[in-house]
Amino acid sequence: MEEKLQIRQMQGEAELAAVQDLCRAYRALLLERWPDFRPFWDRYYGADDYEALLQRLPEVHRAPEGAILVAEIDGQIVGCGMYYGQGEGLCEIKRVYVSGAARGHGAGRAICVEAMRMAHRAGYRQMVLDTTTRLPEAIALYESLGFRRIAPFYDPPADFAGNLLFYGADLTEG
């Protein structure tokens, strides 16, 4: 039986819990990829602060300024991504993550494409993001979707700035 991928907006508390679990897995992946920067991650993505953020996701990404998207394969939530407004015509996409077992099905790409489409329809002209140099699969995905390197859109922590990459995509093209 062929697996069916669906991208849609998150609905309800059970799906929020699934998104929060995916975000925790994303944090764990960052810690795994950066074992030599553990003090930085403990400060920047500290467990208590991160849990507080996860509780606020519906508020931070509420419509019409933003959205939380889920990727579903055969009834299972396997990925997420979210965006929110950053100012006039500008939004940021955050926490795009697909579970290890679901990688290779195009879920990450589909989440990004849908987020870009929705953000454009909501009036945003540009979408920005940050990622780390140790997520080459994410870098390749973003570049394949038309994201181009840009100057930082916030002041990155001095002790980690060299490890961050900033990207932007023009949502009015195509």
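Two strands are taken to pair if DSSP finds at least two bridges between them. In the predicted model described here, strand 4 (residues 90–98) and strand 5 run parallel and are joined by three bridges, and one of the residues involved is L90, whose bridge partner in strand 5 is Q126. Strand 4 and strand 5 also belong, together with helix 4 (residues 107–121), to a β-α-β unit that is right-handed.

On the side of strand 7 (residues 164–170), strand 5 takes part in an antiparallel arrangement, with seven bridges joining strand 5 to strand 7. Here Q126 appears again, since its bridge partner in strand 7 is D170. Strand 5 itself, which spans residues 126–132, is mostly covered, six of its seven residues being buried.

These pairings are part of an open sheet of seven strands, in which the order is 1-2-3-4-5-7-6 and the pairing is mixed. Strand 1 (5–9) and strand 6 form the edges of the sheet, each of them pairing on one side only. At the edge formed by strand 1, five bridges connect this strand to strand 2 (residues 67–73) in the antiparallel sense, and among the residues concerned is Q6, which has E72 of strand 2 as its bridge partner. In general, the strands of a sheet pair through backbone hydrogen bonds, and they may do so in either a parallel or an antiparallel manner.

Helices also pack against this sheet. Helix 1 lies across strand 1, strand 2, strand 3 (76–87), strand 4 and strand 5, and its direction is at about 85° to strand 3. Helix 5 (residues 136–144) touches strand 4, strand 5, strand 6 and strand 7, and its direction makes an angle of about 160° with that of strand 5.

Helix 1 (residues 12–33) packs in addition with helix 3 (residues 47–60), at an angle of about 145° and with the two axes 10 Å apart, and the crossing of these helices is right-handed. In this contact, L16, V19, Q20, C23, R24, Y26 and R27 of helix 1 meet A47, Y50, E51, L54, Q55, L57 and P58 of helix 3. The residues of the contact comprise nine that are nonpolar, two that are polar and three that are charged.

Outside the strands and helices, A161 is located in the loop between strand 6 (148–149) and strand 7. Because its relative accessible area is 28%, A161 is classed as partly exposed, the limits of this class being 20% and 50%. A161 and G106 are separated by 55 residues in sequence, and their C-alpha atoms are 30 Å apart in space.

Notes. Residues numbered from 1 in each chain as written. Predicted model: local features only at pLDDT ≥ 70, side-chain atom pairs only at ≥ 80, totals over all residues. Heavy atoms only, no water. Buried < 20%, exposed > 50% of the residue type's maximum accessible area, 1.4 Å probe, protein only. Helix = DSSP H or I, 4+ residues; strand = E, 2+ residues; numbered from the N terminus. Right-handed = clockwise from strand over helix to strand, strands pointing away. Axes fitted to C-alpha atoms, helices over the stretch in contact; angles between N-to-C directions. Left-handed = near helix turned anticlockwise from the far one by under 90°. Contact = heavy atoms within 4.5 Å. Nonpolar A, V, L, I, M, F, W, Y, C, P; charged D, E, K, R; others polar.
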